[in-house]
Amino acid sequence: MHVESGEAMGTFLQVRSENEIPCDVSLHIRKIFGDIESVCSRFLKESEISRINENSGICSVKVSQTCMKIIKKSMQVAEFTNGVFDPSIGAMSSLWNIGSESEYVPTEKEIQKAWSLVDYRNILIDGNSVFLENKGMSLDLGGIAKEYAIHQAANFCRKKKLEGIIIDCGGDISTVGKKPDGSDWRIGIQHPRRRNNLIASVVLASWNTVETSGDYRRFIKKDDLFQSHIFSVNNEKRVPLLSATLVYDGICDFPLTSSALLAGGLDFSKRMLKKCKGMEAILITDKFEVFVTKNLYDYCNVISDNSEKILLDL
């Protein structure tokens, strides 16, 4: 197995293939991720997203075609999920700074103030310009930019007519073609509470993308407080999820992300998946129940001894 490893978007980036990976292909894939990060990262002062955030409540900012595509995609997901996924969550993300050296547990007053600035309906788009209507609003595209980059990289490989490649960025995976022997890829799903252990595996029979969000990726744990980097605006009583995995054909355009499912909980996820024909899912609850959608059920194998596979009835 040939492996090209590096970093992108604050996590690892690997391109794996049974065959040698052409140098120009490896370089271009890294460039795709680097270019999107330079545009969309709220951590880079000169990025387009940072300029939009700095000018919130002041003026609109002209952006590139790439930035606009990702913002519009995030708005599509926000509208589809009725704000459970919200690209204007940046005020909350920046307040907590989970996973950074300056992470912080805010007061209830600070939390309420930040929430008051979260509303995707106050993101105004006019031509190639973006304006955040209220001072202090902030975009955070971390829940969608990485997936966009993976799809772009996979599409590049398909256009080059390459086969037998896996692109893995922080556990989100896209495959290009079958394995060299013609068999399907098998992908592992991380156990949300056992580091370096799998809870399940899935065979990618007619799918090529595996997208996972988990509360274990980045979090603050202090006394009785546990707060992951994915914030929930869903106030309904819900069955919480530790992990949400979407399995689908990345060539198709779906208005849903795994982070939205994680934030929304089990019942919300069922409602969303029912409206997204062609998207399959593996949802892991806080009781380690592994709910699997019907078309994926026979292709998913639960490995962990303390978990059971349950058909997700939509």
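This report walks through a pocket, some paired strands and a few aromatic rings in a predicted model.

## The second largest pocket

Let's start with a pocket. The second largest one holds about 400 Å³ of space. If you would like to find its centre in the viewer, look for Lys73, Tyr148, His151, Cys252 and Asp253, which are the closest to that centre among the 20 lining residues. Two elements each give two or more residues to the lining, namely α3 (65-80) and α6 (145-159). Of these, α6 gives the most, with five residues.

The lining of this pocket is mixed in character: nine residues are nonpolar, six are polar and five are charged. Two domains take part in the lining of the second largest pocket, since domain 1 (55-139) and domain 2 (184-311) each supply at least three residues.

## Strands β1, β2 and β6

Next, have a look at the start of the chain. Strand β1 (residues 2-8) and strand β2 (residues 11-17) run antiparallel and are joined by seven bridges. One handy landmark is His2, whose bridge partner in β2 is Ser17. The hairpin of β1 and β2 has two residues between the strands, and Met9 takes a positive phi near 55° there.

Strand β2 has another partner further along the chain. With strand β6 (residues 165-169), β2 forms an antiparallel pairing over five bridges. To line the two up on screen, you can use Val15, which stands opposite Ile167 in β6.

## Strands β14, β15 and β17

Now turn to a second group of strands. Strand β15 (residues 289-293) is mostly covered, with four of its five residues buried. On one hand, β15 pairs with strand β14 (residues 280-285) in the antiparallel sense, over three bridges. In this pairing Ile282 stands opposite Val292 in β15. Three residues lie between the strands in the hairpin of β14 and β15, where Phe288 takes a positive phi near 65°.

On the other hand, β15 pairs with strand β17 (residues 308-312) in the parallel sense, over five bridges. Here Phe291 has Ile310 in β17 as its bridge partner. As a reminder when you follow such strands, side chains in a regular strand alternate between the two faces of the sheet.

## Aromatic pairs

Finally, the rings. A search of the whole structure turns up three aromatic pairs. One of them is formed by Trp207 and Tyr299, in an edge-to-face arrangement with 5.5 Å from centre to centre and 80° between the planes. This pair links distant parts of the chain, 92 residues apart: Trp207 sits in the loop between β9 (198-203) and β10 (209-214), while Tyr299 sits in the loop between α9 (294-297) and β16 (300-302). Trp207 counts as buried because its relative accessibility is 11%, under the 20% cut-off. Tyr299 has a relative accessibility of 36%, between the 20% and 50% cut-offs, so Tyr299 counts as partly exposed.

Another pair is made by Tyr248 and Phe254. The ring centres of Tyr248 and Phe254 are 5.8 Å apart and their planes lie at 80°, so this pair is edge-to-face. Both Tyr248 and Phe254 are buried.

Conventions: Residues numbered from 1 in each chain as written. Predicted model: local features only at pLDDT ≥ 70, side-chain atom pairs only at ≥ 80, totals over all residues. Heavy atoms only, no water. 1 Å grid on protein atoms, 1.4 Å probe; cavity = no way out; pocket = protein on both sides within 12 Å on 5 of 7 lines; lining within 4 Å. Points joined across faces, edges and corners; volume = space filled by probe spheres on them. Nonpolar A, V, L, I, M, F, W, Y, C, P; charged D, E, K, R; others polar. Domains from an automatic or database assignment. Pairing = 2+ DSSP bridges. Phe/Tyr/Trp six-rings, centres within 6.5 Å; stacked < 30°, edge-to-face > 60°. Buried < 20%, exposed > 50% of the residue type's maximum accessible area, 1.4 Å probe, protein only.
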